[in-house]
There are 4 protein chains.
Amino acid sequence: MAGNSFGHIFRITSFGESHGKALGVVIDGCPAGLEISPKEIALELDRRKPGTSPITSPRKESDKVEIFSGAFEGKTLGTPIALLFFNHDVDSSKYEKLKNLYRPGHADYTYDQKYGYRDWRGGGRASARETVARVAAGAIAKKLLAHFGIEIFAYSQEIAGIRCQSIDRNVIETNAARAADREAAQKMEQAILEAKASGDSVGGIVEVIATGVPPGFGESVFDKLDAEIAKALMSIPAAKGVEIGSGFTSSRSRGSENNDSIGFDAKSKRAVFSSNYAGGILGGISNGDQIVARLAIKATSSVMKQQQTIDSSGNPQTIQVEGRHDPCVIPRAIPIVESMLALVLADHLLISKLSTLDKL
Amino acid sequence: MAGNSFGHIFRITSFGESHGKALGVVIDGCPAGLEISPKEIALELDRRKPGTSPITSPRKESDKVEIFSGAFEGKTLGTPIALLFFNHDVDSSKYEKLKNLYRPGHADYTYDQKYGYRDWRGGGRASARETVARVAAGAIAKKLLAHFGIEIFAYSQEIAGIRCQSIDRNVIETNAARAADREAAQKMEQAILEAKASGDSVGGIVEVIATGVPPGFGESVFDKLDAEIAKALMSIPAAKGVEIGSGFTSSRSRGSENNDSIGFDAKSKRAVFSSNYAGGILGGISNGDQIVARLAIKATSSVMKQQQTIDSSGNPQTIQVEGRHDPCVIPRAIPIVESMLALVLADHLLISKLSTLDKL
Amino acid sequence: MAGNSFGHIFRITSFGESHGKALGVVIDGCPAGLEISPKEIALELDRRKPGTSPITSPRKESDKVEIFSGAFEGKTLGTPIALLFFNHDVDSSKYEKLKNLYRPGHADYTYDQKYGYRDWRGGGRASARETVARVAAGAIAKKLLAHFGIEIFAYSQEIAGIRCQSIDRNVIETNAARAADREAAQKMEQAILEAKASGDSVGGIVEVIATGVPPGFGESVFDKLDAEIAKALMSIPAAKGVEIGSGFTSSRSRGSENNDSIGFDAKSKRAVFSSNYAGGILGGISNGDQIVARLAIKATSSVMKQQQTIDSSGNPQTIQVEGRHDPCVIPRAIPIVESMLALVLADHLLISKLSTLDKL
Amino acid sequence: MAGNSFGHIFRITSFGESHGKALGVVIDGCPAGLEISPKEIALELDRRKPGTSPITSPRKESDKVEIFSGAFEGKTLGTPIALLFFNHDVDSSKYEKLKNLYRPGHADYTYDQKYGYRDWRGGGRASARETVARVAAGAIAKKLLAHFGIEIFAYSQEIAGIRCQSIDRNVIETNAARAADREAAQKMEQAILEAKASGDSVGGIVEVIATGVPPGFGESVFDKLDAEIAKALMSIPAAKGVEIGSGFTSSRSRGSENNDSIGFDAKSKRAVFSSNYAGGILGGISNGDQIVARLAIKATSSVMKQQQTIDSSGNPQTIQVEGRHDPCVIPRAIPIVESMLALVLADHLLISKLSTLDKL
């Protein structure tokens with residue numbers, strides 16, 4: 001109810017403040033018998049961590065992964081899996097002078113209004129540091145999906161208005177921008193560095209794709225697969241828009257253009273589609289094609305320019321946020337977006353097993 | 001779990017197939033003491049019903065509203081409110097020849113894959129007729145919100161690529177397109193009629209706005225207000241994209257441009273914002289400004305043009321959907337979009353009451 | 001949240017007031033492909049209905065069953081199944097003079113305190129008439145369980161202190177008391193008639209048994225099978241106590257006596273137990289033995305004797321409840337108790353399918 | 001779904017295996033602004049810990065409490081509160097020889113059947129060590145309840161058939177048996193020591209009472225307060241029976257005897273009852289009187305006597321459980337039972353705030 005859990009059956013509960021003692025996540029509902037290892041989780045966390053290139057924050061978050069419960073001899077037990085990340089060496093002093101100020105674009109004001117009170121150190125619960133829990137849980141969701149032949153990858157489709165012109169999956173992890181197009185990557189990095197130099201920030205669009213999803217994921221009416229994905233992605237910090245398949249473009253096409261024609265693949269005995277404007281989802285249920293979604297992420301709110309705001313007493317103030325912020329969060333958002341899609345798909349993989357008597 | 005319920009505390013459960021005996025909705029968690037009447041619900045249902053103008057389906061759905069439980073002497077009892085809509089005079093004969101065919105853009109194939117079986121009459125559970133339940137429940141949610149000074153309105157911001165250039169709330173219900181700009185409305189209607197004449201269909205974008213929402217709606221991390229809205233809107237049939245505030249545009253702005261500066265209103269003792277790129281939500285929690293969201297809806301999938309598809313045995317077939325379909329669903333989607341936002345806000349209104357000890 | 005839904009996956013939502021327009025239930029999460037019929041549901045409802053013998057209320061509730069959604073050509077669709085029971089010919093006049101009085105043992109006072117207001121006609125939402133929804137949903141749950149070889153039966157183990165000395169399943173439906181022992185049945189009926197003659201009422205104990213439940217139903221820690229059963233049974237009107245297996249007796253035995261020794265059945269490749277003090281559940285999970293539970297039900301609160309109470313203004317009043325009440329609800333509670341156990345088991349049957357990777 | 005969370009709004013998620021790295025609990029939905037401290041939690045944990053008297057296990061569990069998240073400057077933040085208990089110095093060697101044996105009365109067989117696999121060290125997830133999470137969360141629930149004048153206490157009403165003849169709340173914490181009657185306490189301790197000496201164990205009954213609960217807690221139909229309590233208590237390890245108020249006794253009384261007459265207290269403007277056979281609950285909703293429940297707990301399953309069982313291959317084996325087990329868990333169960341009731345009441349305290357428009 002309080003919003004820190006996600007998923008119906010494969011369900012995670014996240015906790016922790018940015019500069020508190022620890023952050024963590026409990027994963028309940030993962031079936032027994034899945035091989036998991038701290039190493040695999042660490043690989044995903046490394047993709048998220050800052051300080052790895054000039055275009056991300058120089059902050060250090062070296063999250064050592066320990067599995068505190070739910071696994072035994074390298075396999076899940078079917079019981080809750082708890083992962084904890086201690087916040088070592090946090091420096092809250094820079095936030096001391098912000099504790100009564102409301103940073104524009106941030107949750108300072110809304111948390112104070114909601115809870116009457118907040119942990120102002122490092123953004124508290126509203127900090128994007130919270131996404132470490134999502135990525136850790138997402139790593140386990142990905143492992144479960146992989147067991148069923150489902151893979152997920154995301155990339156920076158657009159940063160600062162610069163768009164990938166081609167998609168080469170192999171390119172993504174070879175450039176700091178995590179673009180799928182080498183040329184675009186260079187321009188993106190340059191644009192980020194320029195914004196950084198002027199104390200400003202830029203945003204962008206992440207595209208995420210799942211392959212190998214069979215028909216039948218997603219429920220009718222409210223828990224449609226696209227609705228679940230929309231929620232999952234929009235819950236990521238700084239998210240402002242979500243598209244499935246052709247998205248907003250589809251609102252400008254005609255029905256005859258936008259429908260994907262249906263053919264048949266005799267080998268897999270499944271429908272195949274001439275195009276994928278649907279993004280792999282029809283009537284809220286996966287159709288066997290690639291799941292395709294996009295997430296618009298705004299430019300980082302923490303900029304080093306003077307801004308007008310108020311303090312907690314309502315007095316006007318000017319503010320200039322300092323600290324080691326990302327001039328662009330898109331590259332680091334890639335594993336987060338993947339994780340959120342993985343959590344949705346792992347959940348609906350399990351739910352889908354219960355849809356007909358024949359499968360039980 | 002099976003996806004037919006929505007909301008945490010103000011929770012609705014929808015049921016019914018398009019050509020089954022009845023559709024309906026049960027609303028659980030509505031506080032006692034709210035005045036409700038069939039008449040008010042009927043007013044909202046009338047806004048949704050087809051057959052009211054040349055640009056919508058000529059189908060007749062005269063849904064008489066009866067409140068079967070949960071109210072007594074005109075007020076809610078705090079117990080579940082059940083509303084039922086009988087499907088009178090349905091004509092399933094036109095669907096007879098489609099029963100083994102998979103209509104492109106529709107859920108026929110995915111329902112068969114998921115459930116092994118489907119009610120092919122009128123789209124069954126996947127029919128947009130299901131939204132009658134949403135609008136009826138939404139009418140009660142709106143009533144609850146109105147009690148707290150919260151209002152919701154939506155309009156056709158764009159149809160077939162034609163965009164409102166101005167927003168006049170009073171214009172919306174005076175034109176068949178439900179545009180907020182009289183000139184745009186005319187062009188939209190023309191575009192719809194043209195598409196209809198050629199057996200085709202068009203899509204568009206709905207903008208929905210809530211006024212009077214106080215700061216503090218929305219929960220941390222996963223059940224953020226924007227995430228909840230994204231799910232609510234994306235669960236509407238034919239939805240393909242959702243934006244909050246400046247949405248995808250924010251991904252192309254710089255942080256210094258996209259942050260809303262914060263001022264103070266001495267009278268209400270609340271923050272005021274110089275702009276509303278945030279769409280009224282910061283860190284997933286309402287900031288007291290207007291809530292603004294947009295929904296991209298694809299062109300109606302049922303077109304009267306020949307399309308390639310397969311039958312349930314995998315054989316290639318051509319199909320030409322007949323029947324009384326909307327050439328554009330945007331105008332009728334307006335009350336549906338409003339209802340989904342109302343359901344989210346009514347739910348979070350209740351949840352927000354429990355956030356601090358001081359308020360209890 | 002508001003307490004009108006039960007179950008995690010196989011989930012029902014009940015609605016309706018005793019003298020309102022209708023009562024009903026929506027069953028969500030029932031897999032597609034299950035054959036259901038109004039006739040089978042009616043058979044269970046008939047077991048619950050009053051007016052069938054001198055020891056039950058002479059009231060008439062002839063509930064005609066219609067399946068309003070979720071089924072097509074005799075099989076479930078995987079979509080919500082809605083069942084509605086209209087309240088025809090209700091006579092609320094006898095309740096008119098009780099509308100400001102709080103009947104001892106009833107929910108009148110607590111509903112007024114909670115909701116500020118109540119439907120006083122026939123007990124409103126607190127009426128045991130609500131159990132019609134449980135029995136109807138239970139009939140479908142039983143059908144699902146039967147598909148997997150699971151059967152449930154209950155009987156009046158004790159009425160007015162008279163206890164069955166033997167259990168013959170075939171006897172149960174042949175006597176009005178629904179005892180499993182013909183001799184005890186006669187004494188029970190006599191005791192009920194005596195209580196009735198003196199304007200009083202009696203209570204008793206129902207035992208319910210499920211056969212064919214495989215090992216593995218029930219979840220760890222909180223949603224243990226016994227905990228779920230305890231909630232299910234205690235939610236039945238007038239319930240005051242629940243036991244699993246040897247129950248309160250086990251609290252007076254020694255560990256060495258109370259443990260069931262474990263053997264092995266080579267044919268089924270399952271453990272067999274020398275006794276069943278555990279009631280078929282170990283550590284919250286079914287062990288393959290019969291599930292055995294008992295429910296203590298208090299004597300009907302509506303008695304024709306003068307009682308002290310207050311009116312809604314706090315003034316002392318004497319009250320003598322009239323009307324056509326059951327002098328003992330135990331016989332009619334049998335199908336209700338069975339239904340609640342069926343709902344728990346149907347739910348955990350589905351959940352149990354997701355416990356290990358091997359089964360998926 | 002997987003059963004490790006409890007509560008609707010005030011919701012806890014528990015995790016951890018007995019001999020794994022850590023156990024813990026996440027509490028979500030606790031309102032902001034509640035003062036909590038590790039010291040207060042530690043006081044409750046000390047009441048649960050073994051090794052404090054000759055009648056409990058000599059095992060040492062010195063659980064140091066740290067609050068990892070959700071609190072700042074001594075007050076709750078409204079965000080999830082995480083508590084972790086590391087399992088230091090566990091000795092799993094004694095379990096090595098039991099790893100393929102199914103201990104009678106334990107969950108070994110059922111966990112293997114459900115998950116195909118289990119952590120056999122110290123009982124794994126099925127160990128009563130898990131209750132440390134319940135007590136820690138319960139301490140916070142109690143703090144919230146105390147803010148509203150609600151207090152909870154439990155005591156050993158009966159051990160090994162020896163029953164308290166009087167209830168003196170002040171006596172409870174002064175004797176190792178946690179009886180409320182000094183004389184009974186002595187006999188209980190003696191009975192426990194006798195059972196221990198013969199390698200056997202005894203069970204008993206815990207009574208738990210909540211004072212200060214206002215009318216209006218509990219929801220209609222399924223989430224009745226008594227049903228919620230029944231589930232909460234029955235989920236405690238070794239629980240076999242639950243009673244509310246007069247419980248099973250009420251099934252042998254007449255209606256005219258068992259109804260509590262209603263009077264009025266002019267000062268509090270509330271109903272007062274001449275007796276409390278109802279246990280403070282009418283129609284599933286608290287009536288303002290004391291909440292009274294009882295829990296039957298079986299004798300400890302780990303006894304030092306030879307028992308018949310099988311190994312995981314189905315071969316017959318004799319087993320004699322060694323280790324440092326409690327000859328009677330009742331005294332240590334007292335804070336656990338209190339905690340479970342506290343969790344239910346804290347949850348329903350919050351839910352009750354949303355029942356009518358007037359209170360919002």
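This section describes the contact between chain C and chain D and the state of selected cysteines in a predicted model.

Chain C and chain D together bury about 8,300 Å² at their contact, and carbon and sulfur atoms account for 58% of that area. On the side of chain C, the residues that lose the most area to chain D are C:Lys114, C:Phe222 and C:Lys240, which together make up 11% of what that side buries. The contact draws 110 residues from chain C and 109 residues from chain D.

Polar interactions were counted across the same pair of chains. Between chain C and chain D there are 47 residue pairs in polar contact, both residues being at pLDDT 80 or more. Salt bridges between chain C and chain D number 8. In one of these, D:Lys231 is paired with C:Asp223, with 2.7 Å between the closest N and O atoms. Sorted by class, the residues of chain C that touch chain D comprise 43 nonpolar, 43 polar and 24 charged residues.

Cysteines were examined for disulfides, which require two cysteine sulfur atoms within 2.5 Å. Over all chains the count is 0 disulfides. D:Cys164 is accordingly in no disulfide, and the nearest cysteine sulfur, which belongs to D:Cys328, lies 12 Å away. D:Cys164 has a relative accessible area of 11%, and because buried means under 20%, D:Cys164 is classed as buried. A:Cys30, in chain A, is likewise buried, with a relative accessible area of 2%.

Note on methods: Residues are numbered from 1 along each chain as its sequence is written. Chains are lettered from A and ligands numbered from 1 in the order in which they are written. This is a predicted model: local features need pLDDT of at least 70, side-chain atom pairs count only at pLDDT 80 or more; totals for chains, interfaces and linings use all residues. Side-chain values use heavy atoms; hydrogens and water are left out. Buried means under 20% relative accessible area, exposed over 50%, partly exposed in between (1.4 Å probe, protein chains only). Contact means heavy atoms within 4.5 Å. Buried area is the accessible area (1.4 Å probe) that two parts lose on being put together, summed over both. A salt bridge is a side-chain nitrogen of Lys or Arg within 4 Å of a carboxyl oxygen of Asp or Glu. A polar contact is a pair of N or O atoms within 3.5 Å; within protein, one must be able to donate a hydrogen and the other to accept it, and residues adjacent in sequence count only if both atoms are side-chain atoms. Ala, Val, Leu, Ile, Met, Phe, Trp, Tyr, Cys and Pro count as nonpolar, Asp, Glu, Lys and Arg as charged, and the others, Gly among them, as polar.
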